[in-house]
Amino acid sequence: MPKRPTLDLSEVLSHVGLTREYPIDVPAIVEDPLYGVDAVRGSIRLTNSGSALIVAGRVDTVVQLECCRCLAPMVEAIGADIDEQFVLTPSRSRRSPAAVEEEETELSGRLFHGAILDLAELLRQVLTPILPSRPLHSADCLGLCSQCGKDLNEGPCGCLTASEASRSRLGTLLSELRDRSD
Ligand SMILES: [Zn+2]
Ligand SMILES: [Zn+2]
């Protein structure tokens, strides 16, 4: 199994006022509901302000989605700005790293293990909320027939639409009335 991508922040966390920028190029992240099909690329800038660790940057990748109308698999490029801050507790000795304070939630995994940032977890947390909620494989996707399930992008099915069905019911009634009046 390939090593999980991480960043060692010891240097930044040991020096108040220091900013470091790192390129990001990590393998596709696949963790439901995020289905990456390409590397996540971009850059990340970390600043130790003394009281906070400021994490800023930008990442782009490509994910696999399912068209919300016809359920066809599709890929889409997504990109996110990173803009996070974490409270720092200064270390007692001048040259050892400050501790990053992290709010633990049930939904998000731990980002920091001492001075090591779990980059894959950070990117997962940044990218998951920006996934399109109603992806369309094409803006004019016709979707599936609600009665037989046929993909209407491939052509019409034999089913009548609701309005056609009510019109034909009316037609049947009218012809029955006509037959009776004969
Ligand atoms: Zn579709
Ligand atoms: Zn149909």
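Buried means under 20% relative accessible area, partly exposed lies between that and 50%, and exposed means over 50%. The exercises below apply this cut-off, among others, to a predicted model.

**Exercise 1. Identify the protein donors of the zinc ion (ligand 2), and classify Cys145 and Cys148 as buried, partly exposed or exposed.**

Step 1. The donor atoms are the SG atoms of Cys145, Cys148, Cys157 and Cys159, and they lie 2.3 to 2.4 Å from the zinc ion (ligand 2).

Step 2. Along the chain, these donor residues follow the spacing C-x2-C-x8-C-x1-C.

Step 3. Four donors count as tetrahedral if all angles lie between 85 and 135 degrees; the angles at the zinc ion (ligand 2) are 105 to 113°, and the site is tetrahedral.

Step 4. Cys145 has a relative accessibility of 10% and therefore counts as buried, whereas Cys148, with a relative accessible area of 44%, is partly exposed.

**Exercise 2. Determine the geometry at the zinc ion (ligand 1), and explain which parts of the chain Cys70 and Cys141 tie together.**

Step 1. The zinc ion (ligand 1) has as its protein donors Cys67 (SG), Cys70 (SG), His137 (ND1) and Cys141 (SG), at 2.0 to 2.4 Å.

Step 2. Because the four donor atoms around the zinc ion (ligand 1) subtend angles of 104 to 114°, the arrangement is tetrahedral. For reference, the ideal angle for four tetrahedral donors is 109.5 degrees.

Step 3. The sequence spacing of the donors of the zinc ion (ligand 1) is C-x2-C-x66-H-x3-C. Cys70 is found in the loop between strand 6 (52-66) and strand 7, while Cys141 is found in the loop between helix 2 (119-127) and helix 3 (162-181), so the pair ties together parts that are 71 residues apart in sequence.

Step 4. As for accessibility, both Cys70 and Cys141 are buried.

**Exercise 3. Trace the pairing of strand 6 with strand 7, and then that of strand 7 with strand 8.**

Step 1. Strand 6 and strand 7 are antiparallel and pair over 15 bridges; within this pairing, Leu65 stands opposite Met74 in strand 7.

Step 2. The two strands, strand 6 and strand 7, form a hairpin with six residues between them, and Leu71 in the turn has a positive phi of about 65°.

Step 3. Strand 7 also pairs in the antiparallel sense with strand 8 (residues 99-100), over two bridges, and here Leu88 stands opposite Val100 in strand 8.

**Exercise 4. Classify the aromatic pair of the structure, and explain what it ties together.**

Step 1. The structure holds one aromatic pair, formed by Phe86 and Phe112, with 4.9 Å from centre to centre and 75° between the planes.

Step 2. Planes over 60 degrees apart count as edge-to-face, and the pair of Phe86 and Phe112 is accordingly edge-to-face.

Step 3. Since Phe86 belongs to strand 7 (residues 73-89) and Phe112 to strand 9 (residues 112-113), the pair ties together parts that are 26 residues apart in sequence.

Step 4. Phe86 counts as buried because its relative accessibility is 11%, and Phe112 counts as buried because its relative accessibility is 2%.

**Exercise 5. Place strand 9 in its sheet, and describe how helix 2 lies relative to that sheet's strands.**

Step 1. Three strands form an open sheet in the order 1-10-9, with antiparallel pairing; strand 1 (6-8) and strand 9 are the edge strands, each of which pairs on one side only.

Step 2. Strand 9 and strand 10 (residues 116-118) run antiparallel and are joined by two bridges, with His113 standing opposite Ile116 in strand 10.

Step 3. Helix 2 lies across strand 1 and strand 10, and runs at about 40° to strand 10.

**Exercise 6. Describe the surroundings of Val12, and relate its contacts to the pairing of strand 5.**

Step 1. Val12 lies in helix 1 (residues 10-14) and is buried, because its relative accessible area is 0%.

Step 2. Not counting residues up to four places away in sequence, Val12 touches Leu18, Arg20, Tyr22, Leu46, Thr47, Asn48 and Leu53.

Step 3. Among these contacts, Thr47 is the bridge partner of Thr19, and Asn48 has Leu53 in strand 6 as its bridge partner.

Step 4. Strand 5 (residues 40-48) pairs in the antiparallel sense with strand 2 (residues 19-26) over eight bridges, and eight bridges also join strand 5 to strand 6, again antiparallel.

Step 5. Strand 5 and strand 6 form a hairpin with three residues between them, where Gly50 in the turn has a positive phi of about 105°.

Conventions
Residues numbered from 1 in each chain as written. Chains lettered and ligands numbered in written order. Predicted model: local features only at pLDDT ≥ 70, side-chain atom pairs only at ≥ 80, totals over all residues. Heavy atoms only, no water. Phe/Tyr/Trp six-rings, centres within 6.5 Å; stacked < 30°, edge-to-face > 60°. Helix = DSSP H or I, 4+ residues; strand = E, 2+ residues; numbered from the N terminus. Buried < 20%, exposed > 50% of the residue type's maximum accessible area, 1.4 Å probe, protein only. Donors = N, O, S within 2.8 Å, 3.2 Å for Na, K, Ca; no water. Tetrahedral: all angles 85-135°; square planar, octahedral: opposite > 155°, others 65-115°. Pairing = 2+ DSSP bridges. Contact = heavy atoms within 4.5 Å. Axes fitted to C-alpha atoms, helices over the stretch in contact; angles between N-to-C directions.
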